[in-house]
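Here is a short briefing to read alongside the structure. Two topics are covered, the contact between the chains and one strand with its neighbours.

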Amino acid sequence: MGTVTERQVAHIWRRLGFGPTDGDIEHGVAIGTKALIDDLLHRRPTTPAQWRLPKLSSWEDQAPYLGRQLQLMATSPNPLQERLAWILQGIVVVGVTDSVAFDDLRGHVSRLRVNPFGSYTRLLRDTAVLPGMMKYLNGDQNTAEHPNQNYARELMELFSLGLKNLVTGRTNYTQNDVIQVARALTGYTLDWRSNRIAFDASYFDDGQKHFFGKSQGHAGLAEVISAVSRHPAYRYFIPARLYKELVGHAPDVATLKALGTHWGTSGNVRSVVSAIAHSPAFLAPAAIGSRVKSPVELLASGARVMGFPLGSSDYGWQLSSFMNQHPYFPPNVSGWPEGTTWLNAGVDMTWGGIVQDFAAASAASSHGIAAKLWLSESPRSAPMAVARVCGITDVTESTARALHAYTTSGSWDRFRAAGALALVLVSPEFLVN
Amino acid sequence: MTLTRRGFLAHSGLVTVAAAGANLGLDLFSPLGEAAGAAMLRSSRPLPLGTPILVLIDLQGGNDATNMLIDPTDPWYYDVQHGHGSIAIQESAILPLSGVSRGLHPSMPWLASRWASDHDVAFVLGPGENVVHEFSHFAAMHYRQVADFTGSVGTGWLGRFNDLAAAGSPFASVSISGVHPALVGTRTPVLTVPSVAYFDFNVDWQWQDGWLHAWRAMGGGGAARGTMTRTSELAIADTFVAQSKVFAASDSAVAAQFDSSDVGQQLAQVALLVDAGIPSQTYVVTLGGFDTHGDEDSAQPALFGQLDAALGQFFDVVGAGPRANDVFVYATSEFGRQQTANGSAGCDHGQAGVDIIVGGRVRGGLYGKAPSSAPGARLDDALVPTVDFRSVYATILNHLGRSSATSTAVLAKHFEDLGVFAA
């Protein structure tokens, strides 16, 4: 059994990054949970030059780009930036479609990654007129003469307000508001040759609009974003989502109101994340191990533990065809499901195959984690050591017995150590987050 | 929201559940001990021949059914100002359906042919909901998945059916593309089978001795009840229970009869599992892309074409097997779309749509009532539903449970049975 602090340190790494790796728990215990949280909150964001993301302009580019993005999740010096960028990719959703090209997706994802700690309101404004979002939700087809409601609806429902105010329970907008906001968002057109978005007043509906219960004058995009950010529900909707992602359950009303103050009209992500991470609820027993790792999280966390080079691998097929979570092909504009839906046979069996690759790479290296465990542990001491290396501070009796039976049968060599590592990665304890 | 068994019974209504249980041959009030229950419920014997089997195809995004089952006599359909105008299908291209004025989209030749040859194609006109008139995809999908508008039910309608008919069975609720929420119950796990042929364990030979045994043992139930780790253990245990039987269903010759389209491959998995006698009455597959705010004139032919071809291949395979008269497909969407084309060669979110029910024991024909398409009769340009979608569910549930009480037990309320199925 781990100590309370060890458990909390591992939890901090799982929720503010993609899990601990060898030595992270010991270091976190040494400096304390508050210092660790502050450290993760205030690391310098990595820059596009550091990301070294390859080009993404065709289907063939997809694998190296995805591999590099997953590699950054696993190894970035700023794990929280990666975690938040991934959370945002599941909120402000764009996917590759017949009209959205890979390069459009790259532009969108890059905007999410470059400063996920900053103003969410600004992020909404920026992504609204990037080719990815414009094409994904038909913004480029939304004209004064023929308004298209797609982006207007999802902007409010999914990206900013939600259907109902999470504190008051009131309905946030009407069908007529969708129509009016769609009118205000007209005027942006796509030049297909340059793939650039430009405002063309001849396509803009310059008429009077009325939404959110009042006249909004000749509102356009800037006014829509401003009105959304001042809507009473704006301060609760995304903060509640961030809270659930980081803590594992929904916030109570008092907590949500406090988070709303941090969020304000600018959508201050860093302030809200800091408030959540420093709240007692974040480290409470109810939060620890209360989430399930999604397939992307499994890959990033597992590769981080095993030192596996995701950047030179291609798991796009497994993610899309068997695990239903390819980062560039969300099922729809609401992103991916969450929770126990990831605990299913399709994910289990596919993940069980992927960990074989991770373990084989480790076993093939005389400097890998498998060799290190083989040399430093005995078959009897190995189970707990292997779990610990994988960031697991507590294992159930059944897992402990299964690992013990495995490590004490056959000869103890680095292949068996690799097999034990693979077993921990598919254990019930590793699947949760 | 997770409901206990007791909570489920309370939500369902004790009296109606008891009635359904009797008809289903279940004693819902006997205290099933976990071990005894598990032994019984983990039975993997094939369903008796004659047991109805549903294949739900979830057409995600809001299918523009006005362009699927087309009424060229509708004076508003071709109207440029108030109808489908530029995205309407030319009358000469519509595939006629004998005996009715409506016809099918030109990309659906198999369905049109089946209508004439087997008389087991039913279309339900006007399904939707008049409770909240939801225009949001995700709220509308949720309402259809749980079949409830009170906000107090978190389980899916098919999950609740299996909680009654096959509680605890690791085979009963089969989802091909991830866990479909309609299948989520309180006692019955959802088996996801993305590929029958790949439903096998793959362990490196260098450490394989004892590896699978150890993994399976980890699902043995060491974690405290109510924890996520416990749920994770159960998923591992269910995976091991289902694996060998599912993998044994693999048949590359059958799989090769299907197109490579996503829906084709999903239906191929269902056909393999049905033919192998997997004891499930409920399979769910999904086909996305119906959110045609734009470019519907290119998207819809592709979608309908894939669906139609996959249906043909599916019934070719299943029709040659022993369950030809048992299996039926129900294709539905969270809503229809607006009646006025939006200028992006598409149309925005609507309300009433059209459902397809085809296959075993289906009495072909039109059911329900077509909503008025007159602009003045529309709701925000959408067709106002004439059939509560829960009536379609009730029709299907009563057939699956072979009892008119089944739907009331699952839906906690009586809804009209549309009489689509022959006795």
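Two strands count as paired if DSSP finds at least two bridges between them. Keep in mind that this is a predicted model. With that settled, let's start with a strand of chain B and then turn to where the chains meet.

**Strand E1 of chain B and its partners**

- Strand E1(B), residues 53-59, is largely enclosed by the rest of the structure, because seven of its seven residues are buried.
- In a regular strand, side chains alternate between the two faces of the sheet.
- Ile53(B), Val55(B), Ile57(B) and Leu59(B) lie on one side of E1(B) and are all buried.
- Leu54(B), Leu56(B) and Asp58(B), on the other side, are buried too, and both faces of E1(B) are thus covered.
- Strand E10(B), residues 327-333, pairs with E1(B) in the parallel sense over seven bridges; there, Ser333(B) is the bridge partner of Leu59(B).
- Strand E9(B), residues 282-287, also runs parallel to E1(B) and is joined to it by six bridges; in E9(B), Tyr283(B) is the bridge partner of Val55(B).

**Where chain A meets chain B**

- On the chain A side, 57 residues are in contact with 54 residues of chain B.
- Several helices of chain A each supply at least two residues to this side, among them H10 (150-157), H18 (316-322), H22 (397-407) and H23 (414-425).
- The most comes from H19(A), which gives 10 residues.
- By class, the side of chain A that touches chain B has 29 polar, 21 nonpolar and seven charged residues.

Terms used. Residues numbered from 1 in each chain as written. Chains lettered and ligands numbered in written order. Predicted model: local features only at pLDDT ≥ 70, side-chain atom pairs only at ≥ 80, totals over all residues. Contact = placed C-beta atoms within 7 Å. Helix = DSSP H or I, 4+ residues; strand = E, 2+ residues; numbered from the N terminus. Nonpolar A, V, L, I, M, F, W, Y, C, P; charged D, E, K, R; others polar. Buried ≥ 20, exposed ≤ 12 C-beta atoms within 10 Å, placed from the backbone.
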